[in-house]
Amino acid sequence: EDAYQRFAAAVASGDGGALFDALDQETRWALMTIQKWHREAYDIVLSNYPEGPEREREAHRFERAATASSARELFRVATAPRLIPMLAPLVMDTPASFERGPGDDRAAAVLPNGGRILFLRGQNGGWGFGGLAQGTEEDKNRAYHDLEVVRASAADYERAAARAAK
């Protein structure tokens, strides 16, 4: 119930930072990892890609995350403004009940219309809004593969530069 209250207050006030704080632990960690990997990709692009349109495109692609002061700030500025309006209908009515399960790490706020708002318990024992967990995990996997492609491209550019220097 406390997790729902934090979530509802963040959405109702339009506070993206508070919404980040109301997310489940794994989702917050995934967002932090995405930001870290994008920062690494940005650094690799700037230091290893030759001048040109590809470097500019890739640098631009990763710049927002790379220059954000934190994953929380990135979420507040880049994600929350488009997400909060979609979440607002979930907090218009007081939940009819709260249910635990399945398992000890899941719960749901059950809305009067029968809709359910998922909450997950983290390793620290705290509860948070879990409605972004699956999508964020997919984004994290995509960020990992993006970083791997950037690493491979940088290595290709380094080999090409070494061959050209001979």
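How are H3 and H6 oriented to each other: roughly parallel or roughly perpendicular? In this predicted model, the two helices pack at an angle of about 15°, and their axes lie 9 Å apart. Angles under 35 degrees count as roughly parallel, and H3 and H6 are therefore described as roughly parallel to each other. The crossing in which H3 passes H6 is left-handed. As for the make-up of this contact, its residues comprise 14 nonpolar, five polar and seven charged. These two values, the angle and the distance between the axes, are how two packed helices are described in general.

The same pair of helices comes up again in the pockets of the model. Helix H3, which spans 25–48, and helix H6, which spans 133–165, each give at least two residues to the lining of the largest pocket. Helix H4 (53–67) and helix H5 (71–87) also supply at least two residues each. Which helix gives the largest share of that lining? The answer is H5, with eight residues. The space in the largest pocket amounts to about 570 Å³. Its lining is made up of 23 residues, and those closest to the centre of the pocket are Leu31, Ile34, Thr79, Arg82 and Asp139. Sorted by class, the lining of the largest pocket holds twelve nonpolar residues, along with five polar and six charged ones.

The second largest pocket is the next site to visit, with a volume of about 180 Å³. Here the contributing elements are helix H1 (2–13), strand E1 (97–100) and strand E2 (106–110), each of which supplies at least two residues of the lining. Among the lining residues of the second largest pocket are Glu1, Asp2, Ala3 and Tyr4. Phe98 and Arg100 also line this pocket, as do Ala107, Ala108 and Ala109, and the list includes the aromatic residues Phe119 and Trp127 as well. How do the residues of this lining divide by class? Eight are nonpolar and three are charged, with no polar residues in the lining of the second largest pocket.

Glu1, one of the residues that line the second largest pocket, sits in the segment before H1. With a relative accessible area of 63%, Glu1 is above the 50% cut-off and so counts as exposed. Glu1 and Ser97 are 96 residues apart in sequence, yet their C-alpha atoms are 9.3 Å apart in space. The loop between E1 and E2 is also worth a look, as it holds Pro102. The peptide bond that leads from Gly101 to Pro102 is cis, with omega near 0°. In general, most peptide bonds are trans.

Two residues of helix H5 can be set side by side. Glu73 has its place in this helix, and Met86 is found there too. Is each of them buried, partly exposed or exposed, and what is the relative accessible area in each case? Glu73 is partly exposed, because its relative accessible area of 26% falls between the 20% and 50% cut-offs. Met86, with a relative accessible area of 56%, is exposed. Some separations along the chain and in space complete the picture of these residues. Glu73 and Asn48 are 25 residues apart in sequence, and their C-alpha atoms are 28 Å apart. For Met86 and Glu99, 13 residues apart in sequence, the C-alpha to C-alpha separation is 23 Å.

The last residue to consider is Arg116, which belongs to strand E3, residues 116–121. Arg116 counts as partly exposed, with a relative accessibility of 48%. Along the chain, Arg116 and Ser70 are 46 residues apart, and 30 Å separates their C-alpha atoms.

Definitions and conventions:
Residues numbered from 1 in each chain as written. Predicted model: local features only at pLDDT ≥ 70, side-chain atom pairs only at ≥ 80, totals over all residues. Heavy atoms only, no water. 1 Å grid on protein atoms, 1.4 Å probe; cavity = no way out; pocket = protein on both sides within 12 Å on 5 of 7 lines; lining within 4 Å. Points joined across faces, edges and corners; volume = space filled by probe spheres on them. Helix = DSSP H or I, 4+ residues; strand = E, 2+ residues; numbered from the N terminus. Nonpolar A, V, L, I, M, F, W, Y, C, P; charged D, E, K, R; others polar. Axes fitted to C-alpha atoms, helices over the stretch in contact; angles between N-to-C directions. Parallel < 35°, antiparallel > 145°, perpendicular 65-115°, else oblique. Left-handed = near helix turned anticlockwise from the far one by under 90°. Buried < 20%, exposed > 50% of the residue type's maximum accessible area, 1.4 Å probe, protein only.
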